[in-house]
Amino acid sequence: MPKNNKILILSDTHGLVLPLKEIIEQHKDVSAIFHCGDSELMNFDPILKNVHVVRGNCDYDRSLPNELFIKIGQHTIYVTHGHMYGVKSSLDQLHARAQEMNAEIALYGHSHIAKADLKDNILMVNPGSLAYPRSRKEKTYAIITLNENRQHQVDFYHLGTHERLDIACN
């Protein structure tokens, strides 16, 4: 694996296909794309062809998994929507599940709030929402640059301009 590998994280698009397509086209340099649920699209939708997708509470396609564990090089990534782990009130259950599975990164959605938290060497990232953002007006997505030393860089972007936003990691 190269020293820096980028992954694209999306969530809570709620049926919006054109923004998904725009972002995927804008960031062809990423090595993997993750959708953290509530796409409201069917698993076989062409836009999701090369996307790792989990099922959210607004997804009706039962063929979508509730969680995924993906290895990218030496990095283990856990992906879930978050509704089954109470992420709107606490990240404790999500953290415990990621820890149980030896994941160093946990990706989730559900709250529609773009944020990144680091706890006990587990990076937990919510890319926000492309449809209905909360806590800020910008519709957001995230890119994580994976580093071999596990000092990952999380950048959040505005859908309209694709400019980087200043959102700190807690």
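User: Which residue in β10 does T140 stand opposite?

Analyst: This is a predicted model. T140 belongs to strand β9, residues 140–147. Six bridges join β9 to strand β10, residues 153–158, and the two run antiparallel. Opposite T140 in β10 stands H158.

User: Which residue in the turn between β9 and β10 has a positive phi?

Analyst: β9 and β10 form a hairpin. Five residues lie between the two strands. In that turn, a positive phi of about 65 degrees belongs to R150.

User: How many of the residues of β9 are buried?

Analyst: T140, A142, I144 and L146 point one way from β9, and they are buried. Y141, I143, T145 and N147 point the other way, and they are buried too. The strand is mostly covered, and its buried residues number eight of eight.

User: Which residues of the largest nonpolar core touch the most other members?

Analyst: In soluble globular proteins, nonpolar side chains tend to be buried together. Here the largest nonpolar core has 24 residues. β1, β2, β4, β5, β6, β8, β9 and β10 each supply at least two residues of this core. The members that touch the most others are I7, F34, I77, L107, V125, I144 and F156.

User: How many residues are in the other core, the one with I33 and I47?

Analyst: This core lies apart from the largest one. Its members include I33, I47, L48 and V53. Its residue count is 18.

User: Which residues is I144 in contact with, leaving aside neighbours within four places in sequence?

Analyst: I144 is one of the core members that touch the most others. It points the same way from β9 as T140, A142 and L146. Its contacts are N5, K6, I7, I9, I105, L107, L123, V125, H152, Q153 and V154.

User: In what order do the five strands of the open sheet run?

Analyst: The pairing in this sheet is mixed. The edge strands are β4 (67–72) and β7 (115–119), and each pairs on one side only. Neighbouring strands are turned by 20 degrees against each other on average, direction ignored. The order is β4-β5-β6-β8-β7.

User: Which residue in β6 does V79 stand opposite?

Analyst: Strand β5 covers residues 75–80, and β6 covers residues 105–107. Three bridges join them, and they run parallel. V79 stands opposite L107.

User: What angle does the direction of helix α2 make with that of β8?

Analyst: Helix α2, residues 92–100, packs on the sheet. It touches β4, β5, β6, β7 and β8. Its direction and that of β8 make an angle of about 130 degrees.

User: What arc around the axis of α1 do P19, L20, I23 and I24 cover?

Analyst: Helix α1 spans residues 18–26. P19, L20, I23 and I24 are buried in it. They lie on the same side of α1 because their arc is only 130 degrees.

User: Is D59 buried or exposed?

Analyst: D59 lies in the loop between β3 and β4. Its relative accessible area is 2%. The cut-off for buried is under 20%. D59 is therefore buried.

User: Which backbone nitrogen does the side chain of D59 reach at 2.6 Å?

Analyst: D59 touches residues including G37, D38, S39 and E40. Its side chain reaches the backbone nitrogen of D38 at 2.7 Å. At 2.6 Å, the side chain reaches the backbone nitrogen of E40.

User: What separates the C-alpha atoms of D59 and S39?

Analyst: The two residues are 20 apart along the chain. S39 is among the residues that D59 touches. Their C-alpha atoms are separated by 6.7 Å.

User: Which side chain does N126 join through a polar contact of 3.0 Å?

Analyst: N126 is found in strand β8. It counts as buried, at 0% relative accessibility. Its side chain also reaches the backbone nitrogen of G128 at 2.8 Å. The side chain joined at 3.0 Å is that of S111.

User: Is S135 buried or exposed?

Analyst: S135 is found in the loop between β8 and β9. It has a positive phi of about 75 degrees, although it is not a glycine. Its relative accessibility is 66%, so it counts as exposed.

Technical notes. Residues numbered from 1 in each chain as written. Predicted model: local features only at pLDDT ≥ 70, side-chain atom pairs only at ≥ 80, totals over all residues. Heavy atoms only, no water. Buried < 20%, exposed > 50% of the residue type's maximum accessible area, 1.4 Å probe, protein only. Helix = DSSP H or I, 4+ residues; strand = E, 2+ residues; numbered from the N terminus. Pairing = 2+ DSSP bridges. Arc of directions from axis to C-beta. Axes fitted to C-alpha atoms, helices over the stretch in contact; angles between N-to-C directions. Contact = heavy atoms within 4.5 Å. Polar contact = N/O pair within 3.5 Å; in protein donor to acceptor, adjacent residues only side chain to side chain. Core = buried A, V, L, I, M, F, W, Y, C linked by side-chain atoms within 4.5 Å.
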